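Q: I'd like a close look at one spot inside this protein. Could you walk me through it slowly?
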Amino acid sequence: MVFFIAKGGNRVYNKTMVDYLADGKIFSVSDYVKLLDEGLRAFRARIVGEVSEVNPGPTGHIYFTLKDEKDEYLIRCVIWRGRYNLYGVRLREGMKIIASGEPSLHPKYGFKFIAEVIEPAGEGILKKEYEALKKKLEAEGIFSPERKRPIPEFPRRVGLITSWNGAAINDFLNNLGKYGYQIKFIDSRVEGQAAVPELIGAIDYFIERGQIDVLVLIRGGGSLESLQAFNNETLVRRIASCPFPVICGIGHDKDVPLASLAADRAVSTPTAVTSVLNESWDRALADLSMFEKEIIYRYQEMLRKAEFSLEDFSNKLSGQFGVFFQNLEKLSTQLKDRLAEIDYSIRNIKRSFVVNKDLLLRGFKKWTDNTGIFLEGVEKQLKIFNPIYQLRFGYSLVYSRKKLVRSTKDVEVGEPLDIRVSDGKINSEVKGKTNYGKRGI
Amino acid sequence: MGKEEFNIKQALKKLEGIINWFENREEMDIEAGLEKVKEGAALIKRSRKELKKVENEFEKIKRELEEEEDA
């Protein structure tokens with residue numbers, strides 16, 4: 001009876017009772033039944049057998065008998081209503097199942113095996129059930145692409161459900177970028193049918209509390225049997241009904257777990273889930289470098305353009321006034337030539353002055369007259385090019401704050417203006433302005 | 001940008017806006033361009049910091065599994 005003491009957990013056996021047993025103590029019936037019941041709990045086991053006599057009780061719990069195929073041994077079992085509904089395994093006579101749980105001795109109803117988990121046993125059965133459920137949920141549209149929500153960009157608050165002891169959680173945490181994630185982790189079993197209640201409980205926790213951007217469910221690969229929980233109908237429906245997007249990273253062989261099919265995004269490893277989460281953050285980092293280069297490049301381009309347009313403007317200016325400059329130059333060479341001639345003449349005159357004074361004087365007079373006429377002409381021409389002279393034709397120069405007004409942008413309404421006309425100045429004021437756009441007139 | 005929550009999504013959108021601003025400029029406003037460059041540089045710096053400095057927080061939630069009651 002050592003196991004009485006060995007039994008741990010929340011039902012710690014009262015050691016003094018065992019001491020009393022050894023002492024040959026006399027028990028009351030109830031004390032003895034209680035003692036036996038406590039002791040029986042130590043025989044927690046998984047039993048495989050064939051179902052017979054399935055009886056739903058008045059409160060919804062299911063009473064059934066498990067027996068061996070050949071021998072006549074049998075064991076009476078019960079599974080509580082909540083658990084029965086959770087697993088989605090409909091017990092029928094002749095069905096082969098594995099029941100996991102512990103025996104108990106009830107004061108009134110006697111011995112019973114309390115099945116906490118039931119799962120179908122036998123080759124091909126799981127596969128058949130998987131296919132049937134897949135077909136059913138598919139028909140309902142649970143897996144349809146239209147139902148899938150996008151994984152939010154820059155997720156921060158991540159709900160994580162997996163086993164604390166598995167390799168999955170390490171893979172996940174090691175590959176998750178350092179982007180300030182707030183990970184809310186719930187430890188859950190992930191192995192076999194027994195994981196169903198914890199997985200659903202964990203999902204429900206997040207559904208009730210909310211406050212996450214995305215929920216992540218991960219576990220390493222496994223057989224159809226070990227992944228059973230992820231093919232549980234209640235769990236699959238719960239995933240589909242989550243108010244936040246769900247990412248499943250569940251390894252698998254051939255058959256994709258139905259949980260993955262119902263998730264908004266499914267990948268086959270925990271590491272791949274981190275890629276999904278990091279995606280937008282990684283991209284943002286890359287975008288930043290791109291933006292940085294782009295902004296500098298574009299500003300440089302703007303500077304280049306500005307430089308170019310300055311140059312262009314000065315070219316246009318010199319083009320426009322080129323004719324004027326050319327004329328001026330022509331005039332100045334003409335003047336220079338004339339001056340050279342004058343210089344030459346004067347020297348000539350000096351040389352021949354003595355020869356014929358009168359003749360020379362006459363000739364000089366004529367020459368100077370001619371030169372005067374020429375200079376007058378030059379003066380006239382120069383006048384034409386004088387902007388002030390232009391004012392006589394009705395053009396005027398408008399000044400605002402001593403600066404020449406060239407554009408409507410140069411003045412503000414209400415500002416005083418000085419208008420220079422041919423013979424003087426007019427004081428004025430801007431009453432209003434209209435911009436004719438780039439093309440001007 | 002003060003102490004308020006920095007939003008990386010908005011920052012990226014703003015940066016994109018700055019690039020578009022340059023793209024759609026017909027007149028060359030060098031001063032305004034420089035302002036945009038400064039704004040962009042600040043946004044990039046802040047975003048980089050936001051993207052890289054923060055450590056992840058890990059919280060293990062204790063959850064009580066309600067036990068099935070006996071009949």
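Which residues does Leu215(A) touch, not counting residues up to four places away in sequence?

A: A quick word on the ground rules: this is a predicted model, where local features need pLDDT of at least 70, side-chain atom pairs count only at pLDDT 80 or more, and totals for chains, interfaces and linings use all residues. Residues are numbered from 1 along each chain as its sequence is written, chains are lettered from A and ligands numbered from 1 in the order in which they are written, and side-chain values use heavy atoms, with hydrogens and water left out.

Now, your residue. Leaving out residues up to four places away in sequence, Leu215(A) touches Gly159(A), Leu160(A), Ile161(A), Ile203(A), Phe206(A), Cys242(A), Phe244(A), Pro245(A), Val246(A) and Ile247(A); a contact means heavy atoms within 4.5 Å.

Let's zoom out a little. Leu215(A) is among the residues with the most contacts inside the largest nonpolar core, together with Phe64(A), Ile118(A) and Phe230(A), and that core has 55 residues. Such a core is a set of buried Ala, Val, Leu, Ile, Met, Phe, Trp, Tyr and Cys residues joined through side-chain atoms within 4.5 Å, where buried means under 20% relative accessible area with a 1.4 Å probe, protein chains only. Helix H7 of chain A (residues 196-209) gives the most to this core, with 7 residues; helices here are DSSP runs (H or I, at least four residues), numbered from the N terminus. Domain 1 (4-126) and domain 2 (141-268) of chain A each supply at least three residues to the core, with bounds from an automatic or database domain assignment.

Apart from this core lies another, of 41 residues, including Leu160(A), Leu288(A), Met302(A) and Phe22(B). Phe22(B) is one of the buried residues in H1(B).

Terms used:
Buried means under 20% relative accessible area, exposed over 50%, partly exposed in between (1.4 Å probe, protein chains only). Helices (H or I, at least four residues) and strands (E, at least two) are DSSP runs, numbered from the N terminus.
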